[in-house]
Amino acid sequence: MFETDGSEFEMETGPGTPNWVPIEQISAFMLQAVLAQEDAGFFRHHGFAVAEIEKALAANLEAGRFVKGASTISMQLVKNLILHRKKTLARKFQEVILTWWVEEALDKKDILELYLNVIEFGPDIYGIKAAARHYFGRYPAELSPAESVFLSTILPNPKGYYPQYERESLSPRWRTRMQRRLEHMYARGRIDQAALSYGLKELENFHFFKGNGMAGARVIEGNPTPLPYQNGEDYETYKGVSE
């Protein structure tokens, strides 16, 4: 994988490696939070979200600068795992071809699983297993609604947002952002009312885990909406959530 400064970061990953987590062992709250944040139409498109590309183009033209991207999870996976970060026309062409290949070669479930196991969550923090342990002292399966939302909202710039962890508190602006994300997930049918209430209550005393070992057990109220591979729905007609 390639860092923003052009240097390479190497890590061993894949089923059977120490840091790999099967998607069945990742909290469904986390899956829904990442999809809501990064790629709402993930199960419906074939690697490229045409509507989002059009919206991003319009926003960038109106602003006269780059203010909005439209990368799908599949595109992000290709960019982070295979390609260097330097933006050139040749690299963009490679990105398109490789994204198409990834979508043809892998099931959506496998793409999402790979993405969550290799994506960056902070300085030298790669993959959901390392992130859940580092920030919250949890296994990926134990992540709550608010914890999942926090991890998803830092994805666009995990190193830039890392100071919140270092100062051990959320800024008022970030707390509001997380609240709106939770409400958005409920409004779009990604979580139920009980999960929304539980997540909002978490925000009242949101904290990071910096002790030894792992955090204590708890009971999380509410449920996320099942993803299509969990209940046998066809991807292209998936009605579990609205965009």
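In what order do the elements of the protein run from the N terminus on? In this predicted model, the order is α-α-α-α-α-β-β-α-α-α-α-α-α. Colour the chain by secondary structure to follow it: there are eleven helices and two strands.

Keep the whole protein selected for a moment. It has 243 residues, and 44% of them count as buried. Contacts between residues at least 6 apart in sequence join residues at least 24 apart in 70% of cases.

Next, select residues 145–153, which form helix α7, and residues 193–204, which form helix α10. Two packed helices are described by the angle between their axes and the distance between the axes. Here the angle is about 70° and the axes lie 7 Å apart. Angles of 65 to 115 degrees count as roughly perpendicular, so α7 is roughly perpendicular to α10.

Show side chains where the two helices touch. On the α7 side, pick Pro145, Ala146 and Glu147; on the α10 side, pick Ala195, Tyr198, Gly199, Glu202 and Leu203. By class, this contact comprises five nonpolar residues, one polar and two charged.

Leave Glu147 and Glu202 displayed and add Asn205, His207 and Arg218: of the residues lining the second largest pocket, these five lie nearest its centre. The pocket has a volume of about 230 Å³, and its lining consists of 13 residues in total. Helix α10 gives the most to that lining, with three residues. Colour the lining by class to finish: six residues are nonpolar, two polar and five charged.

Methods:
Residues are numbered from 1 along each chain as its sequence is written. This is a predicted model: local features need pLDDT of at least 70, side-chain atom pairs count only at pLDDT 80 or more; totals for chains, interfaces and linings use all residues. Side-chain values use heavy atoms; hydrogens and water are left out. Axes are lines fitted to C-alpha atoms, for helices over the stretch in contact, and angles run from 0 to 180 degrees between N-to-C directions. Helices (H or I, at least four residues) and strands (E, at least two) are DSSP runs, numbered from the N terminus. Angles under 35 degrees count as roughly parallel, over 145 as roughly antiparallel, 65 to 115 as roughly perpendicular and the rest as oblique. Contact means heavy atoms within 4.5 Å. Ala, Val, Leu, Ile, Met, Phe, Trp, Tyr, Cys and Pro count as nonpolar, Asp, Glu, Lys and Arg as charged, and the others, Gly among them, as polar. On a 1 Å grid over the protein atoms alone, a cavity is a set of points where a 1.4 Å probe fits but cannot get out, and a pocket is an open set with protein on both sides within 12 Å along at least five of seven lines; lining residues have an atom within 4 Å of a point. Grid points are joined across faces, edges and corners, and a volume is the space filled by probe spheres set on the points. Buried means under 20% relative accessible area, exposed over 50%, partly exposed in between (1.4 Å probe, protein chains only).
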